[in-house]
Amino acid sequence: MDEEAVGATDNIVTEFATYEDFLDSQITQTDLYYLEDEELARQLVELGYRGSGEVLKREEFEARKKAAEASRLSKRSQQKTLASSGKELKDPFLKALAQREEANRSGKMTSIIFIRDKNVKGQEISGYVDYAHRLKTEDFEPYFAGRRRLLPRPSDLSFYNWETQTATSNPTPNYQVIAENVTGLLFKNKRDRKILNVDPKAPTPGDNSARITIVTPKYTQVVMYDHITRRKT
């Protein structure tokens with residue numbers, strides 16, 4: 001069976017709850033009038049003598065029905081499985097990340113994380129991380145398990161190495177970086193076009209946004225900016 005035929009069959013098994021429903025969909029009132037027997041009409045459809053739709057045996061229908069249901073349950077399970085699930089988290093920063101994981105994965109929220117600390121070379125670095133984008137591009141299980149520390153990278157929204165004075169900024173699928181601005185660094189959400197102001201002196205980070213300082217012994221400084229995404233109307 002080619003891919004097109006398989007796709008059509010998959011549509012059939014998702015559209016009809018039972019094999020009888022599938023057979024009945026191909027029986028006309030004229031068939032019932034002349035045959036005067038619903039079961040006989042179903043048998044003729046199954047054998048390919050009646051009906052204009054696809055001929056599909058009961059065994060194949062049931063097998064594909066089970067496969068479709070298994071696929072649906074598997075996808076649901078994957079969606080529900082979070083990297084933070086089952087982890088005993090004690091660090092305030094990891095707890096904050098876990099609290100926001102599902103919302104950032106689903107697109108309800110796009111959090112930007114400011115992190116300042118030292119890298120493996122002992123150099124002080126700082127930067128702004130697009131949490132939702134990082135969740136989609138790497139495995140966060142090692143972070144929640146405590147085997148790896150989340151630090152800004154030159155590929156993140158913004159990065160600065162205080163020793164080498166290396167500075168970079170990059171757009172992500174969620175945010176555009178506005179660096180040339182008199183009020184400081186700004187991030188523009190690509191979904192609802194709202195501006196997120198990360199200036200700590202600003203009275204507010206912007207519409208639908210909140211600024212939360214995370215006190216953790218594992219980092220010099222951590223600040224989270226949570227933006228609730230709403231489509232532009």
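Which residues are linked in a network of salt bridges? In this predicted model, Arg134, Glu138, Arg148, Arg153 and Asp156 form that network. The legends below describe this and other close-up views.

**Figure 1. Helix α6 and its surroundings.** Helix α6 comprises the 15 residues 92-106, for which a rise of 1.5 Å a residue gives an expected span of 21 Å; the end C-alpha atoms lie 23 Å apart, in agreement with that value. The helix bends by about 45° at Arg100. Before the helix proper, Asp91 places a side-chain oxygen within 3.1 Å of the backbone nitrogen of Phe93, at the start of α6. At the other end, α6 is followed by Gly107, which has a positive phi near 95°.

**Figure 2. The buried residues of helix α6.** Phe93, Leu94, Ala96, Leu97, Arg100, Glu101, Ala103 and Asn104 are buried in α6. Arg100, the site of the bend of about 45°, is thus shown here among the buried residues. The elements that cover these buried residues include the helices α7 (131-137) and α8 (141-144). The cover also includes the strands β1 (109-118), β8 (209-214) and β9 (221-228).

**Figure 3. A salt bridge within helix α6.** Arg105 and Glu101 form a salt bridge in which the closest N and O atoms are 2.8 Å apart. Both residues belong to α6 and are separated by 4 residues, about one turn of the helix. An α-helix has 3.6 residues a turn, so residues three or four places apart point the same way. The two partners differ in accessibility: Arg105 is partly exposed at 32% relative accessible area, whereas Glu101 is buried at 0%. This pair belongs to a structure that holds 12 salt bridges.

**Figure 4. Arg148 and Glu138 within the salt-bridge network.** The side chains of Arg148 and Glu138 meet in a salt bridge, with an N to O distance of 4.0 Å. The pair links distant parts of the chain, 10 residues apart: Arg148 lies in the loop between α8 and β3 (158-161), and Glu138 in the loop between α7 and α8. Arg148 is partly exposed, at 41% relative accessibility, while Glu138 is buried, at 15%. Arg134, Arg153 and Asp156 are the further members of the network to which these two residues belong.

**Figure 5. A salt bridge between two loops.** Lys194 and Asp207 are joined through their side chains by a salt bridge of 3.3 Å, N to O. Lys194 is in the loop between β6 (186-189) and β7 (195-197) and Asp207 in the loop between β7 and β8, so the pair ties together parts that are 13 residues apart in sequence. Lys194 is partly exposed at 30% relative accessibility, and Asp207 is partly exposed at 47%.

**Figure 6. The hairpin of β3 and β4.** Strand β3 runs antiparallel to strand β4 (residues 166-169), and 4 bridges join the two. Ser158 has Ser169 of β4 as its bridge partner. The hairpin has 4 residues between its strands, and Gln165 takes a positive phi near 60°.

**Figure 7. The environment of Ser209.** Ser209 is part of strand β8 and is buried, with a relative accessible area of 14%. Its side chain makes a polar contact of 2.7 Å with the side chain of His227. Leaving aside residues up to four places away in sequence, Ser209 touches Leu196, Asp226 and His227.

How values were computed. Residues are numbered from 1 along each chain as its sequence is written. This is a predicted model: local features need pLDDT of at least 70, side-chain atom pairs count only at pLDDT 80 or more; totals for chains, interfaces and linings use all residues. Side-chain values use heavy atoms; hydrogens and water are left out. The expected span of a helix is 1.5 Å times one less than its number of residues. The bend at a residue is the angle between axes fitted to the seven residues ending there and the seven starting there. Buried means under 20% relative accessible area, exposed over 50%, partly exposed in between (1.4 Å probe, protein chains only). Contact means heavy atoms within 4.5 Å. A polar contact is a pair of N or O atoms within 3.5 Å; within protein, one must be able to donate a hydrogen and the other to accept it, and residues adjacent in sequence count only if both atoms are side-chain atoms. Two strands pair if DSSP finds at least two bridges between them.
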